[in-house]
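Let us walk through this structure step by step. We start with the sheets, move on to the ligand, and end with two details of the backbone.

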Amino acid sequence: MSFQDFNFFGKKVLLRCDFNVPLDSQGKILDDFRLQRALSTIFFLRKAGAIIILISHLGEPQSIKNKRKRKKQLTLKPIGQRLSELLHEKVLFSKKNKGRFVRQMVKKMKPGEILLLENLRFDKGEEQNSLKFAKQLASLGDVFVNEAFSVCHRAHASIVALAKELPCLAGPELTKEFNFLSQILQNPPRPLVVLIGGNKTESKLKVIKEFLAMADYLLLAGETANTILSAKGLWPSHPLLPVEEIEMVKEINLTDQKIYLPLDVLASCDQSGQGIIRQTGPASVRRDEDIFDIGPETVNVYKEIIAQAQTVFWAGPLGLFEVEPFSHGTRDVALAIAKSRASLKLAGGGETVAALRKFNLTDNFSFISTGGGAMLDFLAGEKLPGLEALGLY
Ligand code: 3PG
């Protein structure tokens, strides 16, 4: 049955969203695009008389050892407050994501009411795709709706295991992204330029081989490029990388003419942008410096390639765009895509969308995907576990 045909009246709906939004160092929401994308589905469910239980993750809490710090930094409470402002509705918040406390809260809810549960990744079971955790979540609802396309590349409990515990439906926004990206994959107009930047290097390195086979040009920047430069000895002063990353980079053939790495970069000892910033080749970056943006020569090369493109896929900022002196690479290349004659311009991922919104360029793109890693995996032709769990393949 489809989402539109389902009778939600009086049903407790576990709605998996992706509220993993960019935050500043004080925990302030930098961009609420992913919250905005969820609004129409929440409104629809409210109107249909559902009892709405929103579930999501935020960040990577398991990487913060101190439990108190983790809870303070990555609680979903401020997300609930922002949602409430956007919806003009009360959004209840549960500081637990499972157990008696939540069950009691859900029991008291009436049709149309909205509850947001605490960060799912506070529970180790989420990332382990634990059946036990999925069952605990499932006990709160009657039906599971997945509206988090951007998390579907993760085999996590609220994405995969939960789909087996309750009747499950693909949310309308997820379906829209799935249909649009599937259509693109069939025959993108050429030349096809793929631009990959940002962090989460491991998930990006994983798909480079596929994109080299598929794209006409593969332009790299951000942490992804920096990792390759370092692993290939082109940024000799960089500290040693984790073995897994070195192994992944070994597979990438830099003599492939389609692949482009930064020729020059902006290096500094100070990531606040207040210190001395040097434009230099990666080989001359000093031990006390880090790379924070691509340099103007690289920007020009990337702009020339983009000017010839008919299709552009872009995920991940090219530098630390939040800091003005390091924002030029991302801004100039985003502008080049916006102005290009390409008939298909696709961008995705929390940070990339935040950059596009900051530069007021979202309207110049054909499609903005909520997914960064998920979009890249999908476009690289991989089967996403979350979409498989929904039976979409
Ligand atoms: C994203 O931001 O790409 C999704 O929210 C998934 O987050 P993750 O990369 O931390 O799993």
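Two strands count as paired if DSSP finds at least two bridges between them. Keep that in mind while looking at this model, which is predicted.

Begin with an open sheet of 6 strands. Its order is 9-8-7-13-14-15, and the pairing is parallel. Which strands stand at the edges? They are strand 9, residues 259-260, and strand 15, residues 367-369. Each has a single partner strand, so one side of each is left without a neighbour in the sheet.

Look now at the end of the sheet with strand 9. Strand 8 covers residues 217-220 and runs parallel to strand 9. The two are joined by 2 bridges. Here Leu219 stands opposite Tyr260 of strand 9.

A helix accompanies the other part of this sheet. Helix 8, residues 172-186, lies across strand 13 (311-315), strand 14 (344-348) and strand 15. Its direction makes an angle of about 130° with strand 14.

Next comes an open sheet of 3 strands, in the order 11-10-12. In this sheet the pairing is antiparallel. Strand 11 (277-280) and strand 12 (290-294) are the edge strands, and each pairs on one side only. From one strand to the next, the twist averages 35°.

Strand 10, residues 265-268, pairs with strand 12 over 4 bridges in the antiparallel sense. Within this pairing, Ala267 has Ile291 of strand 12 as its bridge partner. Helix 12, residues 296-308, lies across strand 11 and strand 12. It runs at about 40° to strand 12.

Both kinds of pairing have now appeared. Strands of a sheet pair through backbone hydrogen bonds, either parallel or antiparallel.

Turn to the ligand. Which residues surround the ligand? They are Asp18, Asn20, Arg34, His57, Glu60, Arg121, Ser150, His153, Arg154 and Lys200. Sorted by class, this shell has 6 charged residues, 4 polar residues and no nonpolar ones.

Some of these side chains can be placed by distance. An N or O atom in the side chain of Asp18 is 2.8 Å from an oxygen atom of the ligand. For Asn20, a polar side-chain atom lies 2.9 Å from a ligand oxygen atom. For Arg154, the distance from a polar side-chain atom to an oxygen atom of the ligand is 2.6 Å. How much of the ligand does the protein cover? On its own, the ligand has 310 Å² of accessible area, and the protein covers 94% of that.

Two backbone details remain. The peptide bond from Arg190 to Pro191 is cis, with omega near 5°. Pro191 sits in the loop between helix 8 and strand 7, residues 192-196. That helix is the one lying across strands 13, 14 and 15.

The other detail is at Asn129. Its phi is near 55°, a positive value in a residue other than glycine. Asn129 is found in the loop between helix 5 (124-127) and helix 6 (131-138).

Terms used:
Residues numbered from 1 in each chain as written. Predicted model: local features only at pLDDT ≥ 70, side-chain atom pairs only at ≥ 80, totals over all residues. Heavy atoms only, no water. Near = heavy atom within 4 Å. Polar contact = N/O pair within 3.5 Å; in protein donor to acceptor, adjacent residues only side chain to side chain. Areas by Shrake-Rupley, 256 points an atom, 1.4 Å probe, with all protein chains shown as cover. Nonpolar A, V, L, I, M, F, W, Y, C, P; charged D, E, K, R; others polar. Contact = heavy atoms within 4.5 Å. Axes fitted to C-alpha atoms, helices over the stretch in contact; angles between N-to-C directions.
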